[in-house]
Amino acid sequence: MLPVEQALERILSALAPLPAEMVPVSHALGRVTAEPIRARRTQPPVDVSAMDGYAVRAADVATVPATLRRVGSAPAGGRYPGILGPGEAVRIFTGGPVPDGADAIVLQEDVDASAEADGAAITVREGAPAGTFVRRAGLDFRTGDVGVPAGRRLTARDIGLAAAMNVPWIAVTRRPRVAILSTGDEIVRPGELVESTSIVSSNAYALAAVVRAVGGEAVDLGIAPDDRDALRALAAGARGADLLVTSGGASVGRHDLVQEALGDGSLGADALRVGFWKIAMRPGKPLIFGHLGAVPMLGLPGNPVSTVVCATVFLRPALERMLGLAAGPSAPAEAVLAVDLKPNDRRQDYMRATSEPGPDGRRLVTPFVKQDSSMMSRLAEADCLVVRPPHDPARSAGDRVEILPLDAGFLSI
Ligand code: AMP
Ligand code: MG
């Protein structure tokens, strides 16, 4: 059995960031930059006013009150065409270009104006040293500056910055296309005729949701019965995908056919080449990683909780690698146990748990008493997984443990 960390390393080293594509800035939220976003203009392009008021020469208002003559105006987008002379002021508004000759802005609240018209006398009651309320050209960024580095998932703030930088198109990594194949004679789709022996497929839906939450595109290849030919036929639909994820049939039971059917030598170059298939973790021991022809394949166990936990531990980082993000194990958080735990065996355990704010800023976690890997209700209720390393000794309430919050940051898993 392979330790979780080594399994993840091997998966990640078999994957690479996908090529870039251009998307409009309006559609780039959540996408990952393939190249740095660079400013295509300087902002502000010239010195502008940060306030509504009057552009003046600081020397003219060194002693107040000072009486000046309004000679023009400079709204945002407009410009006073002349050069400000001694004793002159220009009515200016936020974002308006500071006229040549002016070096400070006085607030309109600090000015008495005889009229709101050019030629009017104004009295400035408060002085303004040079530079007051002037936004210098390039204060925010200059042409060529990097606004967003490569390999970053774009936030709403990044989108705003890119637009301000006059960047209408952004190079992002292509969304990973993930083909999802369910297996099992007993599996039916939600809403189909359900017999007492049927199991309603949850895995294909949960997996597709994980794929979308992380930023990929999911393609449902359907449900393969436990039959070699059918399995091969449906799995062939993965051709062209960036990753095939199967659920079920990953073990070596009589009905667990994934390795056997897809690994059949008669498939030649299209056969499954298994990298490894057993991981020291619970839930989720029988996990296959390999390549079906040219397509990387992750074969997840069928138990719904195992599927989702394995997706959190392996699929999410795999997608992040393909997206060009810094991919690795999810960063664990430190928490405090609310209850005692028995010693762990040789498999790394991912216990479903709920947490609440604890005494010293750390979460106080309570694993569910029943940890059966078929219980989707518990998994949905959980807000984190308590990670217990292999051979972790018995733990007492108050002990420190590591948790994986069930939150993808972007969308929740
Ligand atoms: P398997 O790994 O095929 O032995 O499946 C283990 C358990 O998971 C069995 O009880 C299956 O019925 C169940 N299972 C397999 N695939 C799915 C699925 N797509 N949705 C829900 N349960 C499944
Ligand atoms: Mg099965």
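## A backbone outlier to start with

Where is the place of Phe133? In this predicted model, Phe133 belongs to the loop between β9 (121-124) and β10 (134-135). Phe133 is worth a look on your Ramachandran plot: its phi is positive, at about 55°, although the residue is not a glycine.

Two peptide bonds also deserve a quick check. One is the bond between Gln43 and Pro44, which is cis with an omega of about -10°; Pro44 lies in the loop between β2 (37-38) and β3 (48-49). Another cis bond runs from Val64 to Pro65, with omega near -5°, and here the proline sits in the loop between β4 (53-56) and β5 (66-74). As background, most residues other than glycine have a negative phi, and most peptide bonds are trans.

## The ligand and its neighbours

Now to ligand 1. The shell around ligand 1 holds 15 residues, and the nearest of them are Glu186, Ser202, Gly249, Gly302 and Asn303. Sorted by class, this shell contains four nonpolar, nine polar and two charged residues.

Which polar backbone contacts can you find here? For Ser202, a backbone N or O atom is 3.0 Å from a nitrogen atom of ligand 1. A polar backbone atom of Asn203 lies 3.4 Å from a nitrogen atom of the ligand. On the oxygen side, a polar backbone atom of Asn303 is 3.1 Å from an oxygen atom of ligand 1. As for burial, ligand 1 has 480 Å² of accessible area on its own, and the protein covers 78% of that.

## The pocket that holds it

Where does ligand 1 sit? Its place is the largest pocket, which has a volume of about 370 Å³. The lining of this pocket is made up of 24 residues, and those nearest the pocket centre are Glu186, Ile187, Gly248, Gly302 and Asn303. Glu186, Gly302 and Asn303 therefore deserve a second look if you have the viewer open, since they are named among the residues nearest the ligand and among those nearest the pocket centre.

Two strands can be picked out in the wall: β13 (177-183) and β15 (199-200) each give at least two residues to the lining of the largest pocket. By class, that lining has seven nonpolar, 14 polar and three charged residues.

## A small enclosed space

Rolling a probe the size of a water molecule over the atoms shows where empty space is left. How many cavities of 30 Å³ or more does the count give? The answer is one, and the largest cavity has a volume of about 30 Å³.

Its lining consists of Ser182, Arg189, Ser201, Ala204, Tyr205, Asp220, Gly222 and Ile223. Both α3 (203-214) and β16 (217-224) supply at least two residues each to this lining, and β16 gives the most, with three residues. The residues around the largest cavity divide into three nonpolar, three polar and two charged.

Methods. Residues numbered from 1 in each chain as written. Chains lettered and ligands numbered in written order. Predicted model: local features only at pLDDT ≥ 70, side-chain atom pairs only at ≥ 80, totals over all residues. Heavy atoms only, no water. Near = heavy atom within 4 Å. Polar contact = N/O pair within 3.5 Å; in protein donor to acceptor, adjacent residues only side chain to side chain. Areas by Shrake-Rupley, 256 points an atom, 1.4 Å probe, with all protein chains shown as cover. 1 Å grid on protein atoms, 1.4 Å probe; cavity = no way out; pocket = protein on both sides within 12 Å on 5 of 7 lines; lining within 4 Å. Sits in = over half its atoms within 2 Å of the grid points. Nonpolar A, V, L, I, M, F, W, Y, C, P; charged D, E, K, R; others polar. Points joined across faces, edges and corners; volume = space filled by probe spheres on them. Helix = DSSP H or I, 4+ residues; strand = E, 2+ residues; numbered from the N terminus.
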